[in-house]
Structure formats: C-alpha cells, structure tokens
Amino acid sequence: MHLPTRRIDAADLDRMTGALFFEGMKQRSKLSRFWILLLLSGVIASAGVVSDSTATVIGAMIVAPLMTPIIGTALAFVLTDRAMLRRSVLLIVLGASAVIVIGFVFGLSDLLNTAVEGNPQVTGRVNPGLIDLVAALATGLVGAFALVRSDVSDTLPGVAIAISLVPPLAVCGLVLQDGQYAEAFGALLLFATNVSAIVATGTLTLIFYGVREQAAASGRTVLNLTKKSLATVLGMVVLVAVPLAAGTLKIVGDQRIRFAATPIAVDWAEQQNWAVVEVEVDDGLLTVTALGAPPQVEPAVLRDQLDNAGLQEVDLEVALVLGGTKLISGVPTSAE
C-alpha cells in the first residue's frame, strides 16, 4: 500500500522559504513583525496566566510567531542551509529569553504572589510528562504538513492553539521571580519538548515530501545530510523524553498513592462524623484535609490504617478544620 503524496514543486519551495526564512529585501520588515508580535504575545500570555484567563492565554498562542523560526530550523536543516539554521536558532533562543523576562517582570508586579500559588495556568505547565511529548509530536506533524500543503494551511490557527510555546515561557519567568526553580525548569522543559518535537517531525515531513530533491533541481546547493545529523535531531527528542519519563513516573506514583489512600481516609473520618474535604499527594507526601465539629478526629488512627494498607513509606500530613454552623436570631422590632 502506498501513501498518497504530492511532491512539492519550485513554487512550493519558494513559498516555504519566503515564509520561514528571515532574508531578502523584506528581512527588516519580517524581523520587526516577528519581534512586535512576540513581545505582545509575551505580554498577553503573562497577563493571561496572572489573571488565570484561559481565553487570554489562547489569544497569546495565536499571536505568537515562534512557530516560524522553529519550523524554519527544520527547513534550514533539511536544506543544509547553515546560515539560516544559525539565524533561526538564534531567533528561538532570543525570543524565548525575551518572553521569560516579560514573565519575570509580571512576577515582580505581583507582590502577594497570588498569580503563582494555586494558579491552574501555572500548575498545568510546570509538570510536563510523556503525554505532552506525544501531543507535541502530533501537533508538529500537523504544522509541517500544513506548511507543505498550502491547501490545508487553514489548520494553522488550530496548530497555534494546540502547541504551547509562549505560555510556558511566561510561566517560567513568573515562577523564576518567585524563586521556584524546579517549577521554572519544568515550564522550560515543556517549551523545549514542543520545540524539539516540531523540529523533529518537521524535518521528517519535509524529507518525506522531497524538499531536498526539489531544492537541488531548482539549482540550490544542497549538501549531504548525514545519518549523524539526523540522529542529532532525533536525539533532541530522546533528550527531553528522559526527564519527561521521570515526571510521568512521579505523577503515576502520586496518583497510585492517592487512589489507595482516599477510601481509607474517608472511612477514618466518617467513623467520627467528620468529612474528608481533599486528598492530595505531592512527591510522596500525602495531605488529608478533614472538616468537622469537636471532638477532633485522631490522626494517629489514620496513620495506623495507612500502615496496615501497605503505605508505611508514605509521609502523612493531616489538616483538621473545625466546622459547624450556629444560628444567631435577630431581635424582632415591635410594631408601632
């Protein structure tokens, strides 16, 4: 069975290089547009994260122009255009650094750190896992396919939303200012995952569609693309996959503990007419929040029950919240 393909022609190649490479007479115009859109998207993303506005963050994804130099890196690699490759990589690094600085500045303006603590826009981007790599590979493939096939280019806005580039950088700067270096690394890892996935799938897609052959037929100088070079591109994906796998194992381990401990904690609380409000596990620490009226439940009993269930090595933290209601009647006024 042969896959249906449409080999690109000279017009396609000119269109792709014109869209992705910052060169030629319009170089200054392209660079100014890139930086204006990038800085604005950084501000929008940072504001969206701080205000916990998903719609605003999505807006930043659509505006962000980082996809251009990232796929441009793949195209320059396939064409063995070292000058464009260096320029595209430099734009990615400088652009990413600029957005991190913007996020850092927004963090400075948040004196109470309300934008970081408990913000789902932050927590959702500091603990990437292997599933993020899978999604990035698929999204990068769609983006490269839309680039090659001009007849499906209307999918690019969806690709911009699906692939998260600017928001993780804004989060990185935000938590970096707050001194949360592990979280900053996690957000930066998510960005690196998306970049490596786009470059890898973009490279393979462009090779599959015969970009190198068409470039050579059009008179471009195309050097040999060695197996070592291709291994380097794929190696980037493997490199980010290692910490992603570690993060995934941590998440799976925490969820296993939470699923095992939740019914035990609920039963422990109900025996004394208390209620478990929340059960959380973070890096092996089990936190149980229980609500009720006096007398208080005894945490040591829960510790014994967890030990009997095979959770001896899990550290336990119990937060007891005294609840209850009281009716305070008002004094009726006498009728005149």
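Which residues in H1 meet which residues in H4? Keep that in mind as you load the model, which is a predicted one.

**Stop 1: the H1/H4 pair**

Select residues 10-20 for helix H1 and residues 67-78 for helix H4. Show their axes. The two lines come within 9 Å and cross at roughly 130°. H1 and H4 are therefore oblique to each other. Their crossing is left-handed.

Now show side chains at the contact. From H1, pick Met16, Thr17, Ala19 and Leu20. Across from them, H4 supplies Thr68, Ile71, Gly72 and Leu75. Color this set by residue class. Five are nonpolar and three are polar, with no charged residue in the contact.

**Stop 2: Thr80, past the end of H4**

Move on to Thr80. This residue sits in the loop between H4 and helix H5, which spans 82-109. Check the backbone here: phi is positive, about 50°, although Thr80 is not a glycine. Is Thr80 buried or exposed? Its relative accessible area is 15%, under the 20% cut-off, so Thr80 counts as buried.

**Stop 3: Gln121 in H6**

Select residues 120-123, helix H6, and center on Gln121. At 7% relative accessibility, Gln121 is buried. What does the side chain of Gln121 make a polar contact with? The partner is the side chain of Arg125, at 2.9 Å.

Then expand the selection around Gln121. Leaving aside residues up to four places away in sequence, Gln121 touches Gly48, Val49, Asp52, Ser53, Thr54, Val57 and Val171. Display these as sticks to see what surrounds the glutamine.

**Stop 4: Asn273, between H12 and E1**

Jump to Asn273. Find it in the loop that links helix H12 (227-270) and strand E1 (275-282). Asn273 is not a glycine, yet its phi is positive, about 60°. Set it beside Thr80, where phi is about 50°. The surroundings contrast: Asn273 is exposed, with a relative accessible area of 71%, whereas Thr80 is buried.

**Stop 5: the Pro294-Pro295 bond**

Finish at Pro294 and Pro295. Which kind of peptide bond joins Pro294 and Pro295? The bond is cis, with omega about 0°. To place it in the fold, trace strand E2 (285-292) and helix H13 (299-308); Pro295 lies in the loop between them.

Conventions:
Residues are numbered from 1 along each chain as its sequence is written. This is a predicted model: local features need pLDDT of at least 70, side-chain atom pairs count only at pLDDT 80 or more; totals for chains, interfaces and linings use all residues. Side-chain values use heavy atoms; hydrogens and water are left out. Axes are lines fitted to C-alpha atoms, for helices over the stretch in contact, and angles run from 0 to 180 degrees between N-to-C directions. Helices (H or I, at least four residues) and strands (E, at least two) are DSSP runs, numbered from the N terminus. Angles under 35 degrees count as roughly parallel, over 145 as roughly antiparallel, 65 to 115 as roughly perpendicular and the rest as oblique. A crossing is left-handed if the near helix is turned anticlockwise from the far one by less than a right angle, and right-handed if clockwise. Contact means heavy atoms within 4.5 Å. Ala, Val, Leu, Ile, Met, Phe, Trp, Tyr, Cys and Pro count as nonpolar, Asp, Glu, Lys and Arg as charged, and the others, Gly among them, as polar. Buried means under 20% relative accessible area, exposed over 50%, partly exposed in between (1.4 Å probe, protein chains only). A polar contact is a pair of N or O atoms within 3.5 Å; within protein, one must be able to donate a hydrogen and the other to accept it, and residues adjacent in sequence count only if both atoms are side-chain atoms.
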